[in-house]
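Hi everyone, thanks for having me. Let's put the model on the screen and walk through it together.

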Amino acid sequence: MSMWLYDDVKEMEDFQNYQKEVRRIEREYLEIRVLLRDAEADYRAEPDSEYLKAKVKYLQKRLKHLESQAARLAADHPLEISLFAPPHG
C-alpha cells in the first residue's frame, strides 16, 4: 500500500472489478439454484416428462460448472468463518 491516495486508485479499481465479478457469479449461482429447485419439484410431480428431465440435467450441469469456477460457493462453511473465527479446541 502506498502513502498517497492517487497511487492506490489502480489497486482500488482492480478490487472493485473483482467484486463485481464475484457478485455476478454469486447472483447467477443463486438464480440457477432457485430454478433447479423449482424444476426438480415440477419433475417430481410429473416424472414422465422428458422436457423436465432435460431441464433438471441442464441446470445441474450449469451449477457444477459454476461450482468449479468458484469452489467456495459449494463449500460447507463460508470462507469468512475460516478467516475470522477463533480456532476451535
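Let's begin with the largest nonpolar core of this predicted model. Eleven residues make it up: I25, Y29, I32, L36, A39, V56, L59, L63, L66, A70 and L73. Two helices, α1 (5–45) and α2 (50–69), each supply at least two of these residues. The biggest contributor is α1, with five.

Now pick out L66. Which residues does L66 touch, if we skip its neighbours within four places in sequence? They are I25, E28, Y29, I32 and L73.

Let's zoom out for a moment. The protein chain has three helices and zero strands, so from the N terminus on you read α-α-α. Of its 89 residues, 18% count as buried. Look at the contacts with a separation of 6 or more: 56% of them are between residues 24 or more positions apart.

Next, the charged side chains. There are four salt bridges in the count. E28, which we just met beside L66, pairs with R24, with the closest N and O atoms 3.1 Å apart. Both sit in helix α1, four residues apart, about one turn of the helix. E28 also forms a salt bridge with R62, again at 3.1 Å, N to O. That pair links distant parts of the chain, since E28 is in helix α1 and R62 in helix α2, 34 residues apart.

Is R37 buried or exposed? It is exposed, because its relative accessibility is 52% and the cut-off is over 50%. R37 forms a salt bridge with D38, at 3.2 Å between the closest N and O atoms. Elsewhere, salt bridges with shared partners join E21, R24, E28 and R62 into one network.

Technical notes: Residues numbered from 1 in each chain as written. Predicted model: local features only at pLDDT ≥ 70, side-chain atom pairs only at ≥ 80, totals over all residues. Heavy atoms only, no water. Core = buried A, V, L, I, M, F, W, Y, C linked by side-chain atoms within 4.5 Å. Buried < 20%, exposed > 50% of the residue type's maximum accessible area, 1.4 Å probe, protein only. Contact = heavy atoms within 4.5 Å.
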